[in-house]
Amino acid sequence: MREDGVDSRAFEALYVGLFPLVVRTVYLVVLDRDIAQEITHEAFLRLWQHRDRLGDHANEKAWLMRVAINLALDYRRSLLTAIRHRQPEVPMQDPAATAIDHLEREEMRSALRRLPRRERAVLALRFEQGLSFPEIGQLLGRPEPTVKTWVHRALDRLQRELGDRPAPAMENSR
């Protein structure tokens with residue numbers, strides 16, 4: 001029984017005989033068993049589709065291996081291109097949360113502006129710059145206990161300015 005010049009039994013024998021070799025070869029390129037099997041099936045499908053174009057003396061094994069390797073390389077290229085061009089997902093922000101954050105920042109700025117300069121300075125050194133009490137004391141030429149007192153007084157005043165709500169991002173610093 002021949003279909004378009006190729007015996008379907010001969011094709012089946014070729015498939016059974018070469019499938020494991022082609023899958024192993026493709027696997028070495030793509031490093032994924034499932035993808036290797038898909039590519040191998042695609043290569044055999046192309047061989048079947050081009051069976052009438054291959055001559056009687058064509059080396060089907062060589063043709064099949066070349067097609068399979070080219071498909072595997074194309075897969076790797078497209079995968080690497082997708083990885084290179086992938087943009088990190090930007091999480092959707094809740095507009096209400098964004099508005100609340102903005103209002104809280106504005107309230108904080110306003111409350112900080114109402115503090116005396118020294119208190120703003122010690123809070124900035126402690127929380128914006130992340131300096132320790134001894135480091136602040138060394139910078140300002142004051143003993144550590146004095147700096148601690150200034151920071152705690154500044155936090156108390158800031159809390160009062162904010163209407164007795166805990167100061168955001170500073171409430172755990174006591």
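**Salt bridges, burial and surface in a helical chain**

Reader: Which residue meets the side chain of Glu106 in a salt bridge?
Author: Side chains of opposite charge can pair when their charged atoms come close. A salt bridge here is a side-chain nitrogen of Lys or Arg within 4 Å of a carboxyl oxygen of Asp or Glu. At 2.6 Å, N to O, the side chain that meets Glu106 is that of Arg109.

Reader: What kind of model is this?
Author: Residues are numbered from 1 along each chain as its sequence is written, and side-chain values use heavy atoms, with hydrogens and water left out. Local features need pLDDT of at least 70, side-chain atom pairs count only at pLDDT 80 or more, and totals for chains, interfaces and linings use all residues; the model is predicted.

Reader: How many residues apart are Glu106 and Arg109 in helix α4?
Author: Helices (H or I, at least four residues) and strands (E, at least two) are DSSP runs, numbered from the N terminus. Glu106 and Arg109 both belong to helix α4, separated by about one helical turn, so the distance along the chain is 3 residues.

Reader: Is Arg109 buried, partly exposed or exposed?
Author: Buried means under 20% relative accessible area and exposed over 50%, with partly exposed in between (1.4 Å probe, protein chains only). Its partner Glu106 has 33% relative accessibility and counts as partly exposed. Arg109 has 39% relative accessibility, which means that Arg109 counts as partly exposed.

Reader: Which residue of helix α2 pairs with Glu42?
Author: Glu42 counts as partly exposed, at 29% relative accessibility. Its partner is 4 residues away in helix α2, about one helical turn. The partner is itself partly exposed, with a relative accessible area of 32%. The two side chains meet at 2.9 Å, N to O, and the partner is Arg46.

Reader: How many residues apart are Arg157 and Glu119?
Author: The side chains of Arg157 and Glu119 meet in a salt bridge at 3.1 Å, N to O. This pair links distant parts of the chain, with Arg157 in helix α7 and Glu119 in helix α5, and the separation is 38 residues.

Reader: Is Glu119 buried or exposed?
Author: Its partner Arg157 is partly exposed, with a relative accessible area of 31%. Glu119, at 10% relative accessibility, counts as buried.

Reader: How many salt bridges does the structure hold?
Author: Among them are Glu42 with Arg46, and Arg157 with Glu119. The total for the structure is 7.

Reader: Why do the buried residues of α5 lie on the same side of the helix?
Author: Helix α5 spans residues 117–128, and its buried residues are Glu119, Val122, Leu123 and Leu125. They lie on the same side because the arc they cover around the axis is only 160°. That arc is taken from the directions from the helix axis to the C-beta atoms.

Reader: Which helices are included in what covers the buried residues of α5?
Author: On the other side of α5, Arg117 and Glu128 are exposed. Contact means heavy atoms within 4.5 Å. The cover of the buried residues includes α4 (95–113), α6 (133–140) and α7 (144–161).

Reader: Which residues are in contact with Thr40, leaving aside its neighbours within four places in sequence?
Author: Thr40 is placed in helix α2. With a relative accessible area of 0%, Thr40 is buried. Beyond the sequence neighbours, the contacts of Thr40 are Phe19, Val22, Val23 and Val26.

Reader: What is the area of the nonpolar surface patch made by Tyr27, Leu28 and Leu31?
Author: Patches are made of residues with over 30% relative accessible area and no salt bridge; like charges are joined within 9 Å, nonpolar side chains (Val, Leu, Ile, Met, Phe, Trp, Tyr) within 5 Å. Accessible areas come from the Shrake-Rupley method with a 1.4 Å probe, and for residues only the protein chains shown count as cover. Leu31 is exposed, with a relative accessible area of 55%. The patch area is about 340 Å².

Reader: What is the phi of Leu31?
Author: Leu31 lies in the loop between α1 (8–30) and α2 (33–49). The phi of Leu31 is a positive value in a residue other than glycine, near 60°.

Reader: What share of the 174 residues in the chain is buried?
Author: The chain has 7 helices and 2 strands, running β-β-α-α-α-α-α-α-α from the N terminus on. It exposes about 12,400 Å², of which carbon and sulfur atoms supply 52%. The buried share of its residues is 26%.
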